[in-house]
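Student: Please take me through the labels used for this model, with the criterion behind each one.

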Amino acid sequence: MKASRKARRIRRHYGRMHKAGGLNLVSLMDIFTILVFFLMVNSSDVKVMQNTADVPLPESSAKQAAVENLTVQVIGDAILVQGREVARLSAIEAGDTQIRGLSDELAYRRDRWSEIPEQGLEVTIMAGRETDYRLLRKIMQTCVDEQFRQVRLAVEAEVRNG
């Protein structure tokens, strides 16, 4: 006996709606693959400070990890604080113990803190191997005078062969 069109439609609809559900694993595997790569890239313990190629840092065998804080860079003829130029090396006089533009910027950033820790604020100085020690000493003195007493010098990790 031949079934009517309505009966065939109902049977087809019933068969479609009462099938065992399937799980599409392709998109789930794509998500987990991306997640694995993301975790692999971001799980390292090493802190990398942003450095331009213009500042060849000295090498060090120190094991302490880098800490992200206020960064003072010496690049070419300029002193930068967080990438913003605050002073020119050509404008620094030989007898000065402080660098005026750097001092003003550090004072501004210090005043934004609600409470200054007893040991002082933190600053990292990035200067190349060829930077004059007198200039480096003036930068450090300016930082200390503006209550940035925890001064760190940025270095590259020593590459060991073997």
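Student: Why is Glu-146 called buried?

Tutor: The relative accessible area of Glu-146 is 10%. Buried means under 20% relative accessible area, exposed means over 50%, and partly exposed lies in between (1.4 Å probe, protein chains only). The value of 10% falls under 20%, so Glu-146 counts as buried. The model is predicted: local features need pLDDT of at least 70, side-chain atom pairs count only at pLDDT 80 or more, and totals for chains, interfaces and linings use all residues. Residues are numbered from 1 along each chain as its sequence is written, and side-chain values use heavy atoms, with hydrogens and water left out.

Student: Where does Glu-146 lie?

Tutor: Glu-146 is in the loop between H4 and S6. The element names refer to DSSP runs, numbered from the N terminus: helices are H or I runs of at least four residues, and strands are E runs of at least two. In the protein chain there are four helices and seven strands, in the order α-α-β-β-β-β-α-β-α-β-β from the N terminus.

Student: What makes the pair of Arg-110 and Glu-146 a salt bridge?

Tutor: The separation from N to O in this pair is 2.6 Å. A salt bridge requires a side-chain nitrogen of Lys or Arg within 4 Å of a carboxyl oxygen of Asp or Glu. At 2.6 Å the pair therefore qualifies. Distant parts of the chain are linked by this pair, 36 residues apart: Arg-110 is in helix H3 (residues 100-111), whereas Glu-146 is in the loop between helix H4 (133-145) and strand S6 (150-153). Both Arg-110 and Glu-146 are buried; for Arg-110 the relative accessibility is 16%.

Student: How do you know that Arg-110 also forms a salt bridge with Asp-111?

Tutor: Here the N to O distance is 3.3 Å, so the same rule is satisfied. Asp-111, however, is exposed, because its relative accessible area is 56%. The C-alpha atoms of Asp-111 and Glu-146, which are 35 residues apart along the chain, are separated by 9.9 Å.

Student: How many salt bridges are there by this rule?

Tutor: The rule yields eight. Arg-134 and Asp-132 form one of them, their closest N and O atoms being 3.9 Å apart. Arg-134 is exposed at 56%, while Asp-132 is partly exposed at 40%. Elsewhere, salt bridges link Asp-77, Glu-85 and Arg-88 in a network.

Student: What makes Lys-2, Arg-5, Lys-6, Arg-8, Arg-9, Arg-11, Arg-12, Arg-16 and Lys-19 a positive surface patch?

Tutor: Members of a patch have over 30% relative accessible area and no salt bridge; like charges are joined within 9 Å, and nonpolar side chains (Val, Leu, Ile, Met, Phe, Trp, Tyr) within 5 Å. Lys and Arg count as positive and Asp and Glu as negative, with His and the chain ends not counted. The place of a charge is NZ of Lys, CZ of Arg, CG of Asp or CD of Glu. Arg-12, one of the members, lies in helix H1 (residues 5-17) and has a relative accessibility of 54%, so it counts as exposed.

Student: Why does the span of H1 agree with expectation?

Tutor: The expected span of a helix is 1.5 Å times one less than its number of residues. For the 13 residues of H1 this gives 18 Å, and the end C-alpha atoms are 18 Å apart, so the two agree. H1 is hardly covered, since zero of its 13 residues are buried.

Student: Which residues form the nonpolar patch on the surface?

Tutor: The patch consists of Leu-23, Leu-25, Leu-28, Met-29, Phe-32, Leu-35, Phe-38 and Leu-39, with about 830 Å² of accessible area together. Such areas come from the Shrake-Rupley method with a 1.4 Å probe, and for residues only the protein chains shown count as cover. Met-29, in helix H2 (residues 25-42), is exposed because its relative accessible area is 54%.

Student: Why is Gln-82 called partly exposed?

Tutor: Its relative accessible area of 43% lies between the two cut-offs, so Gln-82 is partly exposed. Gln-82 sits in the loop between strand S3 (78-81) and strand S4 (84-88), and its phi is near 55 degrees, a positive value in a residue other than glycine. Gln-147, in the loop between H4 and S6, has a positive phi near 70 degrees and is partly exposed at 30%.
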